[in-house]
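Subject: Structure for you to look at

Hello,

Here is the structure, with its sequence. My notes follow below it.

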Amino acid sequence: MTEVTLSLALVTALAGALAGALGGMLGLGGGVFLVPLLVQGLGVPITEAAAVSLTTVIATSNAISSSSQGRYAINLRLGFMLELFTAGGGLIGSLIATAIAPRVLMITFSVVMAMMSAITFLRRDHSNNLPESADPGAWGGRFVDDRTDQIVTYRVVRMPLAIGTSFGAGILSTLLGLGGGVVKVPILNAWCGVPMRVASATSAFMIGVTATSGALVYLGRGRLIPGLAAAAVLGVRAGSGLGIRLGQEQSPRFLKTALAIVLLIVSLVMVRRLP
């Protein structure tokens, strides 16, 4: 197991703060940013990095879900339903994670990041907003956009795709320490009719549950480094509050473009340094 020195803990805390800020702004768990930093920048094995990352995903989820902005945009009905499938996928991912070679995990990470980057960028101008008087359906809803002070109505479509995505996101979550938001947010927004802010907030609500099950499995197998996890969580909690405030001030197009760019960079960095 990786030895935790004071310098490693401090750098991890700073990396966690950056991951928390980006995760809070884009509605992700922060693991998508933290895992490459730990693996490529600090030399932490990917399974241990994934375990640490899952603990920070829990912290980011709590921060976003408990914020006033997050609570207002969360679609609880949709979140609870999709989380059933995400949790099932997360359990499967946690059971097979330690049996997969690190190189395979890193390649999978890079491919998933590149795919989500392309989807997000190509659909950056797509809007899911309906007229205020429109029927949101069984799974849709309405919320007030803090940036424009307007009521936004939306309807969830292609529910089988949302369910399948949630199950797959659960598997990838515990395999790669991501939380699953990096998969769910782009798909829900691009093809399932969910506005970016609702997709981000609802995903943040769900990822905490998924990450908890995965983190417990890693802990039981001795892959979680408590000191490193504590440093990362402190950093994430400090950075997520800033990220949440910044996210509320930006347009959906800006957030999608920023997400696409960050995911592409992460993908390139990880694949460039494959063992």
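To begin with one pair of helices, α6 and α7 are oblique to each other, because their angle is neither under 35 degrees (roughly parallel), nor over 145 (roughly antiparallel), nor 65 to 115 (roughly perpendicular). Please note that this is a predicted model, in which local features need pLDDT of at least 70 and side-chain atom pairs count only at pLDDT 80 or more, while totals for chains, interfaces and linings use all residues. Residues are numbered from 1 along each chain as its sequence is written, and side-chain values use heavy atoms, with hydrogens and water left out.

Helices (H or I, at least four residues) and strands (E, at least two) are DSSP runs, numbered from the N terminus. Axes are lines fitted to C-alpha atoms, for helices over the stretch in contact, and angles run from 0 to 180 degrees between N-to-C directions.

α6 and α7
Helix α6 (residues 102-122) packs on α7 at an angle of about 130 degrees, and the axes are 11 Å apart. Their crossing is left-handed (the near helix is turned anticlockwise from the far one by less than a right angle; clockwise would be right-handed). On the α6 side L105, T108, F109 and V112 are in contact (heavy atoms within 4.5 Å) with L172, L175 and L176 of α7. This contact has 6 nonpolar residues, 1 polar and no charged. Ala, Val, Leu, Ile, Met, Phe, Trp, Tyr, Cys and Pro count as nonpolar, Asp, Glu, Lys and Arg as charged, and the others, Gly among them, as polar.

α7 itself
α7 has 18 residues and spans 25 Å from its first C-alpha to its last, close to the expected 26 Å (1.5 Å times one less than its number of residues). Its buried residues (under 20% relative accessible area, 1.4 Å probe, protein chains only; exposed is over 50%, partly exposed in between) include M159, A162, T165 and S166. In the loop between β2 (150-154) and α7 (159-176) lies R158. R158 has a positive phi of about 50 degrees although it is not a glycine. Most residues other than glycine have a negative phi.

α5 and α7
Helix α5 (residues 76-96) and α7 pack at about 35 degrees, with axes 6 Å apart. The crossing of this pair is right-handed. Among the residues in the contact are L78, M81, L82 and F85 of α5, and M159, A162, I163 and S166 of α7. By class, the contact of α5 with α7 has 12 nonpolar, 9 polar and no charged residues.

α8 and α7
α7 and helix α8 (residues 181-191) pack at about 165 degrees, their axes 9 Å apart. The two are therefore roughly antiparallel. α7 passes α8 in a right-handed crossing. In this contact L161, A162, T165, S166, A169 and L172 of α7 meet V183, K184, I187, L188 and W191 of α8. The contact divides into 8 nonpolar, 2 polar and 1 charged. Of the 11 residues of α8, 10 are buried, so this helix is largely enclosed by the rest of the structure. Just after α8, G193 takes a positive phi of about 80 degrees.

A162
What is the relative accessible area of A162? A162 is buried, at 1%. Not counting residues up to four places away in sequence, A162 touches L82, L188 and C192. A162 and L188 are 26 residues apart in sequence, and 6.5 Å apart in space, C-alpha to C-alpha.

Regards
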